[in-house]
Each structure stands twice: as C-alpha cells, then as structure tokens.
Amino acid sequence: GLDPQTRRQLWELVERLRSAGKTIVLTTHYMEEAERLCDRVAIVDHGRRIALGTPRELIASLGAGHVVEFQLDGEMPEEGFFSGMPGVRGVHRNASTVRLQADPVHDVLPALLAGLAERRLVPGELRTHSATLEDVFVALTGRHLRDD
C-alpha cells in the first residue's frame with residue numbers, strides 16, 4: 001500500500017540488501033513485488049503453505065507460458081468446451097470471467113474465437129499476458145487474492 005515513489009525506494013533498498021548477501025523475509029500480498037524481489041517464494045492459503053520455489057519454478061509449474069483472460073456475458077460454456085481447445089493447459093472460471101493457461105497462445109486464440117463465434121458468444125475485455133505469480137496463486141487456490 002505504498003505510493004509509487006516510496007515503493008521504488010523500498011524495492012531499491014531490498015535489492016541492495018539482497019545483492020550484499022543479506023537474507024530478507026518479505027511478507028506481501030502483491031505477487032508482482034514477490035516476483036521481482038524474492039529468490040524463493042512460499043504461497044500460503046488459509047494459513048498453510050501450498051507451494052514453495054523460485055518465482056521461475058512456480059510459474060513454470062503452470063505448464064503454460066501465457067494466460068488468456070476474458071469476460072463472457074450470458075450463458076457460460078462448460079469447462080470441457082475450453083479445455084478441449086488446442087494449446088489450453090488449464091481453465092479457471094467464475095461467474096463471468098474465464099482464464100485459460102495457454103501454450104502456445106497463437107494456437108489458443110484462433111480456436112477460442114472460432115468456438116465462441118459458433119456459439120454466438122462475444123468475449124469482452126480479452127487480454128493475454130505472460131504467466132505470473134498471480135496466475136500461479138489463482139491456479140493453486142482457484143481465486144484472486146481479494147476474493148474470499
């Protein structure tokens with residue numbers, strides 16, 4: 001919860017201490033912060049450690065290098081509709097949001113758009129990004145950090 005300038009100063013301090021060989025225990029809800037500053041990360045859910053490794057190892061454990069995320073209004077197709085598409089390595093859905101773990105993403109997008117078009121469904125807010133620690137958290141817990 002720091003302002004951007006203070007956050008940068010704190011990150012620089014942590015990086016300097018880390019470069020000097022110091023051990024730092026950092027507790028954060030910000031996965032971007034953990035990914036950038038930590039050599040090893042423990043993901044904790046409901047007080048239990050559910051994953052431990054380097055950020056790179058944890059991200060690689062997804063089995064997919066990218067995430068395709070979009071909104072759907074109306075009836076949500078069954079999970080098998082998405083998991084059967086070429087390149088889809090995992091599916092996470094809630095009421096209106098679908099997150100597909102994709103590798104390679106260039107195989108997933110054409111199949112996704114064609115399949116949705118066949119069902120006369122139009123995705124909203126379609127985004128793709130490289131997999132992150134937040135994606136690992138969602139995959140392991142089935143929810144975003146701010147969900148209960």
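Reader: Taking two strands as paired if DSSP finds at least two bridges between them, how many residues sit between E4 and E5 in their hairpin?

Author: The hairpin of E4 and E5 has three residues between the two strands, and the pair is antiparallel with five bridges. Helices (H or I, at least four residues) and strands (E, at least two) are DSSP runs, numbered from the N terminus. This is a predicted model, in which local features need pLDDT of at least 70 and side-chain atom pairs count only at pLDDT 80 or more, while totals for chains, interfaces and linings use all residues. Residues are numbered from 1 along each chain as its sequence is written, and side-chain values use heavy atoms, with hydrogens and water left out.

Reader: Before the details, what elements does the protein chain have, and in what order?

Author: The protein chain holds six helices and six strands, and from the N terminus they follow the order α-α-β-β-α-β-α-β-β-α-β-α. Its C-alpha trace spans about 55 × 30 × 30 Å along the principal axes.

Reader: Back to the hairpin, then. Which sheet are E4 and E5 part of, and which strands stand at its edges?

Author: They belong to an open sheet of four strands, ordered E4-E5-E3-E6, with antiparallel pairing. Strand E4 (88–93) and strand E6 (124–130) are the edge strands, and since each has a single partner, one side of each is left without a neighbour in the sheet. On average, neighbouring strands here are turned by 15° against each other, direction ignored.

Reader: How many bridges join E3 to E5, and what is the partner of Val-67?

Author: Strand E3 (residues 66–71) and strand E5 (residues 97–102) run antiparallel and are joined by six bridges. Val-67 has Gln-101 of E5 as its bridge partner, and Gln-101 is also the bridge partner of Gly-90.

Reader: Which helices pack on or lie across that sheet?

Author: One of them is helix H5 (residues 105–118), which packs on the sheet and touches E3, E4, E5 and E6, its direction making about 20° with that of E3. Helix H6 (residues 133–141) lies across E3, E4, E5 and E6 and runs at about 110° to E5. Those angles run from 0 to 180 degrees between N-to-C directions, with axes as lines fitted to C-alpha atoms, for helices over the stretch in contact.

Reader: Changing topic to the interior, which residues touch the most other members of the largest nonpolar core?

Author: Among its 16 residues, these are Val-68, Phe-70, Leu-72, Phe-82, Leu-100, Leu-112 and Leu-116. Two or more residues come from each of E3, helix H4 (79–83), E4, E5 and H5, and H5 gives the largest share, four residues. A second, separate core of 13 residues includes Val-41, Ala-51, Leu-133 and Val-136. A core of this kind is a set of buried Ala, Val, Leu, Ile, Met, Phe, Trp, Tyr and Cys residues joined through side-chain atoms within 4.5 Å, where buried means under 20% relative accessible area, exposed over 50% and partly exposed in between (1.4 Å probe, protein chains only).

Reader: And how many aromatic pairs are there?

Author: There are two aromatic pairs. In one of them, Phe-81 and Phe-82 meet edge-to-face, at 5.0 Å centre to centre with 75° between the planes. Rings of Phe, Tyr and Trp (its six-membered ring) pair if their centres lie within 6.5 Å, and planes under 30 degrees apart count as stacked, over 60 as edge-to-face and the rest as tilted. Phe-81 and Phe-82 are both buried, and ring pairs link them with Phe-70 into a cluster.

Reader: What does Phe-70 touch beyond its sequence neighbours?

Author: Outside four places in sequence, its contacts (heavy atoms within 4.5 Å) include Phe-82, Val-98, Leu-112, Pro-123 and Glu-125.

Reader: Glu-125 is new to me; is it buried or exposed, and what is its phi?

Author: Glu-125 lies in strand E6 and counts as exposed because its relative accessibility is 56%. Its phi is positive, about 50°, although it is not a glycine. Arg-120, in the loop between H5 and E6, has a positive phi of about 60°. Most residues other than glycine have a negative phi, and most peptide bonds are trans.

Reader: Then where is a cis peptide bond?

Author: A cis peptide bond joins Asp-103 and Pro-104, with omega about 0°, and Pro-104 is placed in the loop between E5 and H5.

Methods
Two strands pair if DSSP finds at least two bridges between them.
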